[in-house]
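Okay, everyone, thanks for coming. I'll put the next one up on the screen, and then we can walk through it together.

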Amino acid sequence: MGAVVSFFERLFGTEKKKEEERFLRANDRAFNLSFKYADNSIKTSKYNILTFLPLNLFEQLQRLANVYFCFLFILQLIPQVSSLSWFTTAVPLTLVLGMTAVKDAADDINRHKNDNQVNNREVDVLLDGDLKKEKWKNVKVGDIIRLENNEFVTADLLLLSSSEPLNLVYVETAELDGETNLKVRQALTVTGELGDNFEALTAFNGEVRCEPPNNRLDKFKGTLTFSGQSYALDNDKVLLRGCTLRNTEWCYGLVIFGGADTKLMQNSGKSIFKRTSIDHLMNVLVLCIFGFLASMCTVLAIGNAIWESKEGTNFLAFLPYEEGATAQLSSFLSFWSYVIVLNTVVPISLYVSVEIIRLGNSFFIDWDRKMYYPKSDTPAQARTTTLNEELGQIKYIFSDKTGTLTQNIMTFNKCSINGRNYGELFDFSGQRVEITDKTERVDFSWNKLADPKFMFHDHSLVETVKEGSPEAQGFFRLLAVCHTVMPEEKNPGELYYQAQSPDEGALVTAARNFGFVFLSRTPESITVVEMGQHITYELIAVLDFNNIRKRMSVVVRNPEGKTTLYCKGADTIIYERLHPSCKKLMEVTTQHLNEYAGDGLRTLVLAYKDLDEEYMEDWRRRHHEASIAMEGREEMLDQLYEEIEKDLMLLGASAVEDKLQDGVPQTIEQLAKADIKIWVLTGDKQAAHIGVGISGQEGMQAVLSSDFSFAQFRYLQRLLLVHGRWSYLRMCKFLQYFFYKNFTFTFVHFWYAFFCGFSAQTVYDEWFITFYNLVYTALPVLGMSLFDQDVNDRWSFQYPQLYVPGQLNFYFSKKIFVRCMLHSCYSSLVLFFVPWAAMVDTVRDDGKDIADYQSFALLAQTCLLVVVNFQLCLDTHYWTAVNQFFVWGSLSAYFAISFTMYSNGMFLIFTSAFPFIGTARNSLNQPSVWLTILLTTLLCILPVVAVRFIFYQLRPTINDKVRYKVRKEALPAPAPRRPPPRRISTRRSGYAFSHSQGYGDLVTSKWVLLKRKSRPPLFTKTSDSPLAQNQPQLYRTITEENEEAQTL
């Protein structure tokens, strides 16, 4: 649709030019309207009353299957072609299109309601010197609006002023990035002076030049020109639509982007539609089926031409050709007639059934109480319904570490200062002592500002600091000033730290306990209590962290006037910038870093540099010029950072522990036994084939972009080894059975063509053809595909090797498909020729002939239905009451409908629609008919049983072996829990930073931590329940030698 609209826009010259830069003026609607910027209304709906029917049908006809069946329906309307009534295709096609249209309409009605609700929200807008209530949809670019506490942000705004000191505001960004912790934004000082003064705000005529609309949530670049001065604008001075104002009485903002131009709407484009490997295989198979259908129709059309030439002339006396008709034309028409008759090789109900199965298996994931985490009240969630069976074929897992494998709760564990390692304990013989809960802790009572929760066991580090070691004190001084942590004093004397990342919080807390307490900050200064003395450092610059720099630096000046740069970052990055004199110290520190890496700790290298005052003045001037530049701002700043961050002096390294979640080692072990390779990546990446998000301490951003989510990494083994494997098995069984029953149904038509002169006459009743896939065989296969399981979840954990066949496409492939076709071919031969042989020249008990077409059609379709249901019973491993009801209910429905449709009453009311009058009662009361049904069933089913028995004996699969053990042994009990092994690694862990832009710019832009209102916790604590006692699952494996020796 987008391509069609774009074409007409270009054709009539209405295509909107791409915006390269946004320019606007505050309080000047006429000026801003000249640029034709988008207003603040949004539209997520797709249809209206007039466009719904044509647009929805157009969208549905984008699917090849729907086009194919519409084509069949048109063919059936041609009398010379169709030998079937129109309703055999029209009824199922109408049901499918109708059901899809109803679903799409319901979805779009909800979108209309949501759009109207949002567009009609009200907000205070400053117009003509006074605040007026305006609907969101009427807000324009350049308007100044007032927001109050707990209100949604109306549009993308430049923050002008707020009720909080230093023009701070606190916003919740959960709707944008899933993060529930509050973010801080701050207005420029020059606009903050406007305050709540209506006259000053009305007179404000600042002009903004900024980037065009885009979807980058973490970046904003612009300048504000006011009173002849230019001011740099960045992301910390902007409030985005979708945020919620918290803990702030009021604020004013200037509308920069509205409606569709906001970053929220720019990020709400179409999601990528992911397909499973089975989907890709199905696309290939469907094309092959079309080719096979064309081949069958061609063979039968040729047969028709031969029959008409050799045998047809014998019937011309009483069945003459129509005017202009020839044998060649008859052959051509019969080709299209057989396209209609044999179309069931690709039934329309296949696609509907697949979606129902996927939806059902998604609900099973949502409802699984064993994947529910009560401590945070977080259930598992299938956020997409199209990838369930793909979970049963996973070969590789690419996982982040922080917050995924770990708890994202950091503790300062060890450090290396001036070549000496701290944090480990040794006995008198020099042997390393394991630290336990009973190990004596360092007493920090001498420090009144120490955090009582902080634990450390190496007393030598405290003594080194107390003795006045310049390296040790410089180490913790760096940790106390080089960060973007916000201090908060909820109660007098109780100091809390709000950190962007848990790493920074752990490091600042460590410095606090060792006598270097970060106390407060202003935009220009940082106050630290150093060994009891209050010292205020002038904060000259913050060189913030990002994914490319992998380091952070601050430039501060102490009260004596000495200027110093403090830097911390990844070892490889810092080592490149060290002074040559640090070479020996670097070698010793590297040894310590390798030891920390072996313990799975997160490391940082710390360094400093004393700066010349004359150089700093020149550098600060160039830094200001770069910060207000509209073009190349990031490149210019990076160049300045590179210039100053060199020839550093090494202080040491820190090591922070991020403890693994419960059950991580056992889960990795289980997945490895299932032949799943796990790669741990550094950084936040969600570009995997299937996204799985962990809703943990790190927030909900990964969850929002995921396909499946849960609270703990250990639930991954249940998602894959149980739900994924079952979904794959169920889908494969469904496809095998579905193709079997439909090819069998169709092949009977093919054999019948050789006995009806290739006339495209159907072997079944038209109503049976209509109901075969919709009524008679729909529910039994759905029951199997939703509830079947080869073994239960406990045995699936006991033998993770059961997962391997899915990785090898063992249960559905091109080879399996060909085998289904051959099986169908054999069954169809039995289903046609046995009833035919039983009916030909057969008489009733009273001597009357029953070898008529209608009786044969009833017998053939009854045999078919009984056989395919018995085949379903053979394929079902796990029986439930629902399965039983569906199977026997479908057979009962068939006989009930048949007796009703073939009754005298239906014939009298609808004579032409129900011509099989009395066929059911006249045929099914004959013993020979029931014996034929029995014989046909046995001939179709017994070979299947025999082949499977032989394969079970000679070539048993892993599933066969485990099912045999299930019958022989009792249910396995969970193994006792064992302590997790020590983590060993050959590489150092990633640098201890959050993988997102830091708060450095915000720190230097006039914000300061203030006492604020308490806010509710992210999760409400729940009392412990049996579900909270989930233990990691440990299971023994099948010994390969025993498996091979086992006689089944």
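Let me start with a question: which residues does Glu645 touch, not counting residues up to four places away in sequence? The list is Leu543, Arg549, Arg551, Ser553, Leu565, Cys567 and Arg577. Before I go on, keep in mind that this is a predicted model.

So, where does Glu645 sit? You'll find Glu645 in the loop between α19, residues 633-644, and β28, residues 649-660. And is Glu645 buried or exposed? The cut-off for buried is under 20% relative accessible area, and Glu645 comes out at 0%, so this one counts as buried. One of its contacts is a long way back along the chain: Ser553 is 92 residues from Glu645 in sequence, with 8.1 Å between the two C-alpha atoms.

Okay, zooming out. The protein has 1048 residues, and 52% of them are buried. On secondary structure, we have 35 helices and 31 strands. If you take contacts between residues at least 6 apart in sequence, 75% of those join residues at least 24 apart. On the outside, about 49000 Å² is exposed, and carbon and sulfur atoms supply 58% of that.

Now let's go to helix α10, residues 277-310, because I have two residues to show you there, and one of them is Asp279. Asp279 has a relative accessible area of 11%, so we call this aspartate buried. Leaving out anything up to four places away in sequence, Asp279 touches Arg358 and Thr386. The other one in α10 is Val286. Val286 has 9% relative accessibility, so that one counts as buried too. Look across from Val286 to Val345: they are 59 residues apart along the chain, and their C-alpha atoms are separated by 9.3 Å.

Next, Leu786, over in helix α24, residues 778-787. At 15% relative accessibility, Leu786 is also on the buried side of the cut-off. What does Leu786 touch, again not counting residues up to four places away in sequence? That would be Ile356, Ile357, Gly360, Asn361, Phe364 and Arg730. And Met731, which is 55 residues from Leu786 along the chain, has its C-alpha 8.8 Å from the C-alpha of Leu786.

Let me turn to a short helix story, α13, residues 459-466. Which of its residues are buried? Leu461, Val462, Thr464 and Val465. They cover an arc of only 160° around the axis, so they end up on the same side of α13. As a reminder, an α-helix has 3.6 residues a turn, so residues three or four places apart point the same way. What do the buried residues of α13 pack against? Three strands and a helix show up there: β16 (406-417), β17 (420-422) and β22 (516-522), plus α14 (470-481). Then, just after α13, Gly468 takes a positive phi of about 90°.

Speaking of positive phi, there are non-glycine cases to look at as well. Asn418 is in the loop between β16 and β17, and has a positive phi of about 55° although it is not a glycine. At 42% relative accessibility, Asn418 counts as partly exposed. Asp675 is another one, with phi near 65°. Asp675 lies in the loop between α20 (664-673) and β29 (677-681). With 36% relative accessibility, Asp675 is partly exposed.

Last topic: the cavities. How many of 30 Å³ or more does the structure hold? Four. The largest has a volume of about 210 Å³. There are 16 residues lining that largest cavity, and the closest to its centre are Thr88, Pro92, Asn343, Thr344 and Asn773. Which elements give two or more residues to the lining? Those are α5, residues 87-119, and α23, residues 766-776. The largest share, five residues, comes from α23. And by class, the lining of the largest cavity has nine nonpolar residues, seven polar ones and no charged ones.

That's my tour. Happy to go back to any of these on the screen.

How values were computed. Residues numbered from 1 in each chain as written. Predicted model: local features only at pLDDT ≥ 70, side-chain atom pairs only at ≥ 80, totals over all residues. Heavy atoms only, no water. 1 Å grid on protein atoms, 1.4 Å probe; cavity = no way out; pocket = protein on both sides within 12 Å on 5 of 7 lines; lining within 4 Å. Points joined across faces, edges and corners; volume = space filled by probe spheres on them. Helix = DSSP H or I, 4+ residues; strand = E, 2+ residues; numbered from the N terminus. Nonpolar A, V, L, I, M, F, W, Y, C, P; charged D, E, K, R; others polar. Buried < 20%, exposed > 50% of the residue type's maximum accessible area, 1.4 Å probe, protein only. Contact = heavy atoms within 4.5 Å. Areas by Shrake-Rupley, 256 points an atom, 1.4 Å probe, with all protein chains shown as cover. Arc of directions from axis to C-beta.
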